[in-house]
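The following exercises concern a single protein chain. Please work through each task before reading its solution.

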Amino acid sequence: MPQDDLESLPGVGPATADKLTGAGFESYQSIAVASPGEMSNTADVGESTAADIINAARDAADIGGFETGSTVLERREEIGKLSWLIPEVDDLLGGGIETQSITEVYGEFGAGKSQVTHQMAVNVQLPPEYGGLGGGCIFIDSEDTFRPERIDDMIRGLDDEIIEEMLQRREIEGTPGDDETMGALLDSFLEHIHVAKAFNSNHQILLAEKAKELAQENEDAEYPIRLLCVDSLTAHFRAEYVGRGELAERQQKLNKHLHDLMRIGDLYNTSVLVTNQVASNPDSYFGDPTQPIGGNILGHTSTFRMYLRKSKGNKRIVRLVDAPNLADGEAVMRVQDEGLKPE
């Protein structure tokens, strides 16, 4: 998309335009959805000046007004669906993981949360006719979970028809199943997975800002960013902010982080997939005492909430806990060497 001329906004000269661009405000739309306080802190401009710039950008971007439900329905037709390639789970989600939304997957240790992020990092690169979004993936790794070897397993676990299609699309010669051919295919998949390890919560927040820049850079690329994974969202926040005295600060930072992620999804038509840790509720006398970390902040911000729990052997129960337009329900899948598979 053509670069918006920021200098055409009132009060924006060459120096201010450079500050805005350096802070990640590269388009009218990204400025229009910012707050004056945020712009003042990150772009080093006065708050009153920031307010004037934001209002002008809202007029230029034609954003912020009311629209009819018909218009909303028409715009929602642009939303993509990223398939799990498990019919029962896709049916549960109305077709798959939505773009422009945050999907939260929570569960206890070993439930398969990281397996889901790895599988989606593969599936998102498939063409739409095979359940993908034809895009790349950003993977923010806070628990040292990303493994290229697992990506290899999951690529080899794809249907032969899909493997042949991807070999053809990526102009890789060879026989499906041949180690050299599959190694070249793995390299082509890994090329479109951008991984960064988050060392603490502040670094994780910074990486979300960097992810926005990366999505902007790849917007017109052959494989634009269509999936942003954070595995896990809450690990660092949980470890660094301990006790009730630090709960308010933790929730404020987590809230800002979530809205940064949501903005990437909205601006670049990206699916945001976050995993979350759990705790046991001691006040629960009946039913499953497992509860996700993050409180109401995360509960309200996540568009879709999914609970993974272990079953017999490699079976996992996938439960849709909350969604704005879908009924709650459960599905069963298997976590195998070849990736996530139907029961």
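**Exercise 1.** How many helices and strands does the secondary structure of the protein chain come to?

*Solution.* The model is a predicted one. Its protein chain contains 14 helices and 13 strands.

**Exercise 2.** Determine whether the radius of gyration agrees with that of a compact globule.

*Solution.* Begin with the chain length: for 343 residues, a compact globule would have a radius of gyration near 20 Å. The protein chain has 21 Å, which agrees. Next, consider the extents: the C-alpha trace spans about 60 × 60 × 45 Å along its principal axes. Finally, 49% of the 343 residues are buried, and among contacts with a separation of 6 or more, 63% join residues 24 or more positions apart.

**Exercise 3.** Locate Met333 with respect to strand pairing and the largest nonpolar core.

*Solution.* Strands S12 (residues 329–336) and S13 (residues 339–342) pair in the antiparallel sense over 4 bridges. These strands form a hairpin, with 2 residues between them. The bridge partner of Met333 in S13 is Pro342. The largest nonpolar core has 48 residues, and Met333 is listed with Trp84 and Leu185 as having the most contacts inside it. Beyond four places in sequence, the contacts of Met333 include Trp84, Ile86, Val116 and Leu308. A second, separate core of 24 residues includes Ile138, Tyr241, Leu258 and Tyr268.

**Exercise 4.** Which side chain of opposite charge is nearest to Arg226?

*Solution.* Arg226 lies in strand S6 (residues 225–231). Arg226 is buried yet has no salt bridge. The nearest side chain of opposite charge is Glu219, 7.3 Å away, whereas a salt bridge requires a separation within 4 Å. Residues that Arg226 touches include Val124, Leu133 and Tyr268.

Conventions: Residues numbered from 1 in each chain as written. Predicted model: local features only at pLDDT ≥ 70, side-chain atom pairs only at ≥ 80, totals over all residues. Heavy atoms only, no water. Buried < 20%, exposed > 50% of the residue type's maximum accessible area, 1.4 Å probe, protein only. Lys, Arg positive; Asp, Glu negative; His and termini not counted. Contact = heavy atoms within 4.5 Å. Pairing = 2+ DSSP bridges. Core = buried A, V, L, I, M, F, W, Y, C linked by side-chain atoms within 4.5 Å. Rg over C-alpha atoms; globule rule 2.2 N^0.38 Å.
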